[in-house]
Each structure stands twice: as C-alpha cells, then as structure tokens.
Amino acid sequence: MQKKLLLAALAATFGMSATASYAASHGAGTLQAVMDKGFVQCGVTGGVRGFSAPDENNNWTGLEVDFCRALASAIFDDADAVRYTPLTSTERFAALSSGEIDVLSRTTTWTMTRDTSLGINFVGVMFYDGQGFMVRKSDGITSALELGGASVCIEAGTTTELNAADYFSSNNIDVNTVVFEEQDEVLKAYEDGRCDVYTTDSSALAAERLNLEDPDAHLILSQIISKEPLGPSVRQGDDAWFNLNRWVYFLLLNAEELGVTQANVDDMLASDNPAIKRLLGVEGTYGDLIGVSNDWGYRIIKALGNYGEMYERHVGPNTEIGIARGVNALWTDGGIQYAPPIR
Amino acid sequence: MTDTKQGSVAFVRSEMVPDAPPPTSTQGVIGWLRVNMFSSIGNSILTLLSLYVIYVAISGVYAFTVTNAIWEGTGGAACRVENVGACWPYIGNRLTFFIYGFYPDTEYWRPNLAFAIGGVLLFLLATPQIPGKVITGALFLIVYPVVTYFLIYGGSFTGLLQVPTEKWGGLMLTLVVAVTGIVASFPIGVVLALGRRSKMPLVRSVCVVFIELWRGVPLITVLFMASVMLPLFLPEGTNFDKLMRALVGVTLFTAAYTAEVVRGGLQAIPKGQFEAADALGLNYFQATMLITLPQALKIVIPGIVNNSISLFKDTTLVSIVGLVDLLGAVRAGTATGTWSAPTIPVTGYLFAAAVFWVFSFAMSRYSQYMERRLDTGHKS
C-alpha cells in the first residue's frame with residue numbers, strides 16, 4: 001500500500017502543474033462539459049467484486065459504479081449515461097487531473113495527503129473499509145481480543161503489517177506474525193493451516209473468502225482496526241461540480257434516512273413530510289442550487305434506490321461478498337453514515 | 001566349358017542370397033529404443049526418470065483439466081467441491097465477455113463480421129494458388145483497417161450505434177492491438193531500416209535516434225507514458241482516446257524492432273546485388289523495390305514473425321493501463337456474479353494461455369510454410 005502511495009504521489013507531482021492550470025481554464029466547466037458531451041466519464045477499477053466489476057450481462061455494476069449512475073440520473077435522468085474508464089491504482093489520479101475522467105470512483109482511500117496534495121477533493125465516503133481479521137469458525141474465536149497465541153498471516157511491507165502490530169501491542173496480545181510477499185501466498189498459507197488468522201482490509205477479506213474451498217467455514221471478525229474510508233473524488237477547483245457530486249452522495253443517505261426507496265418513491269411524492277418533499281423536489285428549488293433539474297432526487301431514487309438499497313444490492317449480506325452493514329449503517333441505526341439535511 | 005564347371009564344383013549359387021533382416025534387437029521400435037534410450041545403464045536410468053517426470057506432469061494436468069474438472073454448472077458454487085480441477089462452466093458462461101468485453105450484445109455481429117472479413121482476406125493472401133495478391137494486399141492493408149474501424153466503432157455516416165472504445169475488450173481488443181501493431185509497424189519499420197542505411201547523414205541520424213530511443217525503453221514504460229504522462233503534457237481539453245494512445249505506443253515500439261530485423265536482412269544481401277542494380281542504371285527507388293528489399297524481406301521472415309508473435313503476447317501489457325484485453329477480461333471475470341471458487345482464476349488463465357498459444361502457433365507454422373515456399377536460393 002505504501003508502494004502504491006509513493007507511485008501515486010509521483011504521478012501526482014507530475015500532474016500538479018497540469019491540474020492547477022486545468023482548474024484555472026476549466027474552472028467552473030465540468031458540469032457544463034458533461035452536459036455538452038452527454039455522459040459522465042467515470043473512473044473505476046479493473047474489476048473489484050461489489051465495488052466495480054462486470055456483471056453477467058457484461059455491464060459495469062457495483063456500489064461505486066452506482067454513484068456514477070446516480071450522478072448521471074441527476075444530470076440526464078438516464079442512469080446509463082455513463083462511460084467507464086477502468087484505471088489501475090497508479091494512473092487513477094493522473095487520469096482525474098488530466099480531465100480524462102470527470103469523477104474517480106475507484107476504491108480510493110481518503111487520506112490527508114491525497115486530499116491536500118493531489119489536486120483532488122474527496123466527495124464523501126461510500127464505504128467505510130478498514131483492516132479486519134478472518135478466522136476459522138472451528139477455532140471458536142469471536143473477537144480479535146481472543147487472538148492471544150495465534151499465528152497471523154500478513155502481506156509484507158504494507159500498512160496492514162504496521163496496523164496489526166500496533167493493535168496487538170496496544171492491547172497486550174501476544175501473537176506470532178507470519179509474513180508473505182504476495183496476497184495469493186497469504187491466502188494459500190491461511191488455507192493450508194500455517195496460520196490461524198488472516199488480516200487485510202475487510203472488503204478484501206470478504207472477497208478472498210470466496211476463493212476458499214468452503215467460505216462458510218470462515219468468519220470475519222467484527223473488529224476493524226484501521227480507517228480506510230473509500231469514496232469518490234473530483235478535481236480540485238471546480239466547486240460547482242464538487243457540490244453536485246457531494247449532494248448526490250448526501251441525497252442517497254438522506255433518502256435512506258427518510259425511508260424513501262426505489263419501490264415507494266412514487267407514493268412518497270404525495271408525502272406530507274416536508275423533508276421528503278424537499279428531497280424529491282416537490283417543494284423548493286434545490287436542484288437549481290447544484291445546476292440540475294429540481295426533481296433530481298426523484299430521478300436518482302427512481303433509477304437506483306437509496307444508499308441502503310445500493311449497499312444491499314452490491315456488498316450487503318445477501319450478496320456473494322456478503323459484508324454486514326456495520327459502521328456503514330446510518331447514524332440512526334448505530335453506524336456512522338450521516339448526511340446534512342437538504343434544506 | 002559349362003559342363004566341366006558344373007561337374008567340378010559341387011554347388012554354385014546362381015542367385016544372390018536375399019538380405020536377411022537385421023536382428024530384431026537392432027531394428028524397429030525395440031532397436032531404436034536400445035540405441036537411443038537404453039544404450040547404457042546411465043542412459044536407461046535417465047530415460048526412466050524422464051518418463052516418470054513426464055508422466056507426473058501430464059497426469060497432473062490431465063487430472064486438473066479433465067478428470068477432476070467440473071463441466072456443468074450455473075455458478076461458482078458448482079466448482080466448490082473438494083479436490084476440484086478446472087471450472088469450465090466459468091469459461092462457458094463468461095465467454096462473450098472474454099471475446100467482446102463490454103461491447104453491447106446486440107452489436108456482436110459487427111466485430112464478428114470484421115473478424116470474418118479479416119479471416120477471408122488473410123486466407124486469400126496466405127494461399128499462394130490464388131491470384132490477385134496486389135489487390136488483396138491493398139484491400140487488407142488499406143481498406144480493411146478503415147472498414148473495421150467504422151464497423152466496430154460505428155457512429156458518423158454509418159448509421160450504426162456508436163460504441164466508444166471503453167467498451168471494447170477481451171479477445172477483440174487483443175486482436176485490434178496486435179493486428180494494428182503488426183500491420184502499421186511494418187511499413188514504418190522498413191522505412192526506418194532503409195533510413196538507417198541511408199548515405200544522407202540527417203536521415204540516418206534521425207532514424208538511428210528514433211530506433212535506439214524506442215528500443216531503449218521497455219514496452220511497459222511506453223504504455224505507461226502514453227496513458228499517464230501524455231495527457232498531462234498535452235494542452236488542456238485535448239483528450240486522445242486511451243486505446244489510440246496505446247496503439248500508437250505499441251506501433252512505434254514494434255516499428256523500431258522491425259527496423260532492426262529488416263536492416264539485418266539488408267546487410268545479408270551480397271554487395272554484388274547492389275552493384276548490379278547500379279550497373280543496370282536503376283535509381284535508388286527501383287533498386288530497392290525490385291532488387292534489395294524483396295530479397296531482404298525473404299531473409300527476415302523468421303525475424304518478423306518472431307517479432308509479431310512477441311508483440312501478440314506483449315499486448316497483454318495493455319491491461320496495466322486499464323484496457324480490458326483478453327487477460328484483463330479473464331481477471332475481471334472472477335469478480336462477476338457468483339463466479340468465485342478456488343480454481344476459477346487458474347481456469348481463466350489456462351483458457352487465456354490456450355488462446356494465445358493457438359494464435360502464436362498458427363503464426364509460427366505459417367511463417368515456416370512461407371520460408372519453404374520462398375526458399376529460392378543463396379543456400380547453395
């Protein structure tokens with residue numbers, strides 16, 4: 001992960017000068033440019049289960065893909081008005097800086113360095129990821145605090161290794177770490193029983209679990225020991241575009257909080273709740289504030305549903321990857337997803 | 001005389017004794033085995049050892065790909081059994097993705113048609129008995145790329161649905177990159193090779209610098225520069241298509257290698273050929289087109305095919321700049337739907353390897369055929 005960071009910083013150093021001048025000349029123009037060309041250009045991964053991956057019909061699908069689709073719904077009332085650019089982790093920031101893509105929605109961790117020095121702004125957090133632990137169910141472990149004496153499989157030279165060391169020493173837990181060079185080797189070693197615990201980012205754990213012979217025999221512990229907030233980002237210096245992105249994200253959260261879903265959105269149009277009226281554009285001109293039609297909220301929910309529905313559809317417990325809602329639940333449900341009101 | 005001889009000698013053979021077959025131990029399969037495999041104790045041990053190694057390897061592959069393989073199923077769950085081999089339903093289910101990538105499924109006929117036209121033209125071009133090579137060649141090298149571009153990309157005057165290059169993928173993309181690279185780099189390479197042998201200092205130094213520059217950097221760097229750095233250097237707002245940037249990079253890179261191969265061929269031609277051309281009063285263009293180049297190209301067929309095969313395999317590098325080629329598609333496919341099981345990634349790689357092998361082997365066989373057919377001299 002540090003290697004990636006270094007490369008990203010390198011790419012960004014080259015990108016900086018271009019970014020600054022880009023922002024100057026195209027300052028307020030991304031939304032207009034997007035409207036002119038008729039689609040949102042969205043930077044995605046080359047295939048990460050649940051976040052952005054091809055589906056069975058060879059279309060892009062995933063939680064982060066849905067953010068771009070929501071953006072397109074708000075602007076064009078057409079969730080399919082999105083073009084996807086698969087990006088590697090090294091080229092993603094340069095692609096955003098150079099204007100090749102309009103929004104980067106590619107499992108990117110929001111950190112201070114990235115936010116301040118890469119010429120980008122993070123819109124929000126689509127998924128609170130973090131380092132977790134996977135153990136065999138047969139071992140009867142239910143909490144990371146019970147891991148004393150266990151051997152832990154870790155990938156070498158990553159922040160994962162440091163996080164784990166910090167966590168175990170601060171909790172006075174004595175473990176043996178077994179370090180491997182490659183992610184594949186770590187999984188293999190865990191599967192072969194060379195260690196009792198496998199630790200990496202919890203979304204990756206969930207995906208890797210599926211490559212084990214019997215996924216149900218393994219348990220991902222609920223403890224998360226690091227902060228890896230993943231979210232979309234846009235070019236710095238274009239506040240109108242940033243605002244639109246940010247409020248599309250907030251709208252998804254607000255819709256869930258107010259109980260507006262894809263199924264009931266038409267009924268909700270007749271709701272007496274003023275918050276819902278504002279959300280769906282029945283009352284007020286909130287669309288004007290971000291440069292789109294006033295029924296932008298209705299369009300998004302009608303096409304894609306609220307944040308909770310997106311989560312359940314792509315990464316929730318009923319999907320293959322099956323990640324419990326955990327901290328990604330709304331603040332009203334004990335999580336930390338919280339959005340300012342539309343007012 | 002005759003009588004005397006017959007009387008004085010008890011027996012005279014009047015015909016030759018037919019050759020007796022050599023001992024069975026020295027001929028046929030057994031003889032061959034004795035001579036080549038079991039001629040000494042040491043060799044016998046080596047033979048048995050090698051046989052064992054081959055057996056282990058083949059039986060392992062066979063068990064993985066056939067005996068233990070899963071042939072039917074509608075999801076990764078079917079392949080989640082103990083001691084499982086390859087998961088072939090994964091290939092079957094995701095095949096359209098591996099071939100066309102994100103290309104819209106209602107439009108598959110367009111790349112199919114492009115493949116078919118290319119196949120037919122290539123067949124016409126590759127079969128010596130069919131006349132009209134010049135016309136077919138022109139069709140294949142000039143008309144066909146244009147037709148293919150409009151067919152696959154659509155839009156503008158064609159009235160076809162426009163399919164942006166982001167949606168191209170899989171084997172289709174691999175072939176587009178490989179064919180463009182091979183076809184477009186060839187003329188550039190020939191020109192560079194001639195330029196490097198030119199007597200004009202400026203032309204020569206330009207060609208030398210170009211060739212050495214491109215040969216001096218790895219393809220992965222070229223692609224990375226093309227995809228990450230280039231957009232930053234260009235004026236803002238100008239956006240080259242990502243695939244186009246990769247294509248230009250691959251083409252220029254291959255051209256530098258082709259140039260050196262062709263130059264090798266030019267240097268192998270006896271000096272007398274050049275002098276004879278001069279003596280006939282041919283100008284540079286005539287001498288090159290009629291005398292030296294045809295001979296040089298014939299000599300370098302193996303080298304050029306070698307280049308082409310290597311380029312074909314190098315196209316997988318485009319996946320590091322985010323283009324979803326065959327290898328990228330096989331990789332991305334494991335993140336799809338229910339398709340996740342222990343052996344699915346390996347199955348995908350096996351499939352990709354098989355496809356690459358088929359194409360590369362076909363190229364290699366055809367080049368050997370061409371060499372034999374064009375073997376018209378010099379090797380006295």
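Here are some exercises with worked solutions on a predicted model with chains A and B.

**Exercise 1. The overall build of chain A**

Work out how many helices and strands chain A has, and why its radius of gyration agrees with that of a compact globule.

*Solution.* Step one is to list the secondary structure: chain A holds 14 helices and 14 strands. Step two is to look at the extent of the chain, whose C-alpha trace spans about 60 × 50 × 40 Å along its principal axes. Step three is the comparison. A compact globule of 343 residues would have a radius of gyration near 20 Å, and chain A has 21 Å, so the two agree. Step four adds burial and contacts. Of the 343 residues in chain A, 50% are buried. Take the contacts between residues at least 6 apart in sequence: 73% of them join residues at least 24 apart.

**Exercise 2. Domains in each chain**

Find which residues make up the two domains of chain A, and describe how those domains touch.

*Solution.* Begin with the bounds. The domain assignment gives chain A a domain 1 made of 2–128 + 229–333 and a domain 2 covering 131–226. Next comes the spacing: the C-alpha centres of these domains of chain A lie 31 Å apart. Now turn to the contact, where ten residues of domain 1 of chain A meet ten residues of domain 2 of chain A. On the domain 1 side, the touching residues are four nonpolar, four polar and two charged.

For chain B, the domain assignment gives domain 1 as 34–72 and domain 2 as 169–373. The C-alpha centres of those domains of chain B lie 38 Å apart.

**Exercise 3. Where the chains meet**

Identify which element of chain B gives the largest share of the side that touches chain A.

*Solution.* First, count the residues: 31 of chain B are in contact with 35 of chain A. Second, list the elements of chain B that give two or more residues to this side, namely helix 4 (88–100), helix 9 (219–233) and helix 14 (326–333). Third, pick out the largest share, which is the five residues from helix 9 of chain B. Finally, sort the chain B side by class: 13 residues are nonpolar, eleven polar and seven charged.

**Exercise 4. Strands 8 to 11 of chain A**

Trace how strand 11 of chain A pairs with strand 8 and with strand 9, and say which strands run parallel or antiparallel.

*Solution.* Start with strand 8 of chain A, which runs antiparallel to strand 11 of chain A and is joined to it by five bridges. Within that pair, A:M134 has A:Y198 as its bridge partner. Then take strand 9 of chain A, which runs parallel to strand 11 of chain A, with two bridges between them. Here A:C153 stands opposite A:Y198.

Strand 9 (residues 151–155) of chain A also runs parallel to strand 10 (residues 176–180) of chain A, through five bridges. In strand 10 of chain A, A:C153 stands opposite A:V178. Strand 9, helix 6 (residues 159–170) and strand 10 of chain A together form a right-handed β-α-β unit.

To finish, check burial: five of the five residues of strand 11 of chain A are buried, so this strand is largely enclosed by the rest of the structure.

**Exercise 5. What surrounds helix 8 of chain A**

Explain why helix 8 of chain A counts as largely enclosed, and name what its buried residues pack against.

*Solution.* Count first: seven of the eight residues of helix 8 (residues 202–209) of chain A are buried, so the rest of the structure largely encloses this helix. The buried set includes A:S202, A:L205, A:E208 and A:R209. Then look outward. The buried residues of helix 8 of chain A pack against strand 7 (127–129), strand 8 (131–136), helix 7 (183–191), strand 11 (197–201) and strand 12 (218–220) of chain A.

**Exercise 6. Two asparagines with positive phi**

Decide whether A:N58 is buried or exposed, and do the same for A:N172: buried or exposed?

*Solution.* As background, most residues other than glycine have a negative phi. A:N58 has a positive phi of about 65°, and A:N172 has one of about 55°. Next, place them: A:N58 is in the loop between strand 2 (53–54) and strand 3 (60–61) of chain A, while A:N172 is in the loop between helix 6 and strand 10 of chain A. Lastly, apply the cut-offs, 20 or more C-beta neighbours for buried and 12 or fewer for exposed. A:N58 is buried because 22 other C-beta atoms lie within 10 Å. A:N172 is exposed because it has 8 C-beta neighbours inside 10 Å.

Notes
Residues are numbered from 1 along each chain as its sequence is written. Chains are lettered from A and ligands numbered from 1 in the order in which they are written. This is a predicted model: local features need pLDDT of at least 70, side-chain atom pairs count only at pLDDT 80 or more; totals for chains, interfaces and linings use all residues. Domain bounds come from an automatic or database domain assignment. Two residues are in contact if their C-beta atoms, placed from the backbone, lie within 7 Å. Ala, Val, Leu, Ile, Met, Phe, Trp, Tyr, Cys and Pro count as nonpolar, Asp, Glu, Lys and Arg as charged, and the others, Gly among them, as polar. Helices (H or I, at least four residues) and strands (E, at least two) are DSSP runs, numbered from the N terminus. The radius of gyration is taken over C-alpha atoms; the globule rule is 2.2 Å times the number of residues to the power 0.38. Two strands pair if DSSP finds at least two bridges between them. A crossover is right-handed if, with the strands pointing away from the viewer, the path from the first strand over the helix to the second runs clockwise.
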